[in-house]
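Grab your viewer and work through a few exercises with me. Each one comes with a step-by-step solution.

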Amino acid sequence: MLKINYRSGICRRENIFRKFDKKYLNISRYWTHENHYKSGINEEFDYFVCGSDQIWNPMYDTCLADMEGATAYFAPSEKRIAYAASFGVGELPKKYMNMFKELLKDMKKISVREESGARIIRDILNVNVSVVLDPTLLLSKEEWCNFQNKPNVELPEKYIATYFIGNKSEEVKSYIDSLSKDIIIQL
């Protein structure tokens, strides 16, 4: 069994995702290599599907902290599937190649959401995998509208919306502030 010693913990973002999951999805308990042995889940489930956005990103400690869970490494290889998995990087750092090779080598089926992910898999496993659609694009506009949560605040007429995985650096924050001031002046 692989052991990765990185700091872990549930961040605010993960709690928000779990609340969404609980409200809209029928999901079983979260399984990792550490908690599955007691339960007999290999008999309970037909497949373990891993995915998708940035699930295998080696640049984030929270991803690395449970890479065995993110690859369903605890399950029999014939039950392990990845759909639209993403590394979130264009190139896998060499120091992670062996780890990913071990975790993914026996997975029944892998698909990724980016060409760069397909290249990474080809480089470490010498197999071609499918590049598939981002799962968020599998729903129609109407389906998304059924569970959207619009804010109960009035937004200003002009604003900049940003989204980051992880924390913004001070440099990025300064750039956004500067950009917003430039845009307001130009308008």
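**Exercise 1.** Work out whether Phe48 and Phe74 are buried or exposed, then describe how their rings meet.

*Solution.* Start with burial: Phe48 and Phe74 are both buried (buried is under 20% relative accessible area, exposed over 50%, partly exposed in between, with a 1.4 Å probe and protein chains only). For Phe48 the relative accessibility is 8%. Before going on, note that this is a predicted model, where local features need pLDDT of at least 70 and side-chain atom pairs pLDDT 80 or more, while totals for chains, interfaces and linings use all residues. Residues are numbered from 1 along each chain as its sequence is written, and side-chain values use heavy atoms, with hydrogens and water left out.

Next, the rings. Phe48 and Phe74 make an edge-to-face aromatic pair, with 5.4 Å from centre to centre and 85° between the planes. (Rings of Phe, Tyr and Trp, the last by its six-membered ring, pair if their centres lie within 6.5 Å; planes under 30 degrees apart are stacked, over 60 edge-to-face, the rest tilted.) Phe48 sits in strand β1 (residues 48–50) and Phe74 in the loop between α4 and β2, so the pair ties together parts that are 26 residues apart in sequence. (Helices, H or I of at least four residues, and strands, E of at least two, are DSSP runs numbered from the N terminus.)

**Exercise 2.** Count the aromatic pairs in the structure and find the cluster that Phe48 belongs to.

*Solution.* The count comes to four aromatic pairs. One of them is Phe45 with Phe48: the ring centres are 5.9 Å apart and the planes are at 70°, so this pair is edge-to-face. Put Phe45, Phe48 and Phe74 together and you have one aromatic cluster.

**Exercise 3.** Look for a salt bridge at Arg80 and list some of what Arg80 touches.

*Solution.* First locate Arg80: strand β2. Arg80 is buried but has no salt bridge, and Asp106, the nearest side chain of opposite charge, is 5.7 Å away. (A salt bridge needs a side-chain nitrogen of Lys or Arg within 4 Å of a carboxyl oxygen of Asp or Glu; Lys and Arg count as positive, Asp and Glu as negative, and His and the chain ends are not counted.) Leaving aside residues up to four places away in sequence, Arg80 has contacts that include Phe48, Ala72, Leu103, Leu104 and Asp106 (contact means heavy atoms within 4.5 Å).

**Exercise 4.** Find which residues of helix α5 are buried and what they pack against.

*Solution.* Helix α5 covers residues 97–104, and its buried residues are Met99, Phe100, Leu103 and Leu104. Down the axis of α5 they fall within an arc of 110°, so they line one face of the helix (the arc is that of the directions from the helix axis to the C-beta atoms). They pack against α3 (61–65), α4 (67–70), β2 (80–85), β3 (109–112) and α6 (115–125).

**Exercise 5.** Check the backbone at Ala72, at Ala84 and between Gly51 and Ser52.

*Solution.* Ala72 isn't a glycine, yet its phi is positive, about 55°. Ala72 lies in the loop between α4 and β2 and is buried at 2% relative accessibility. Ala84, in strand β2, also has a positive phi, near 50°, and is buried at 0%. Finally, the peptide bond joining Gly51 and Ser52 is cis, with omega about 10°; Ser52 is in the loop between β1 and α3.
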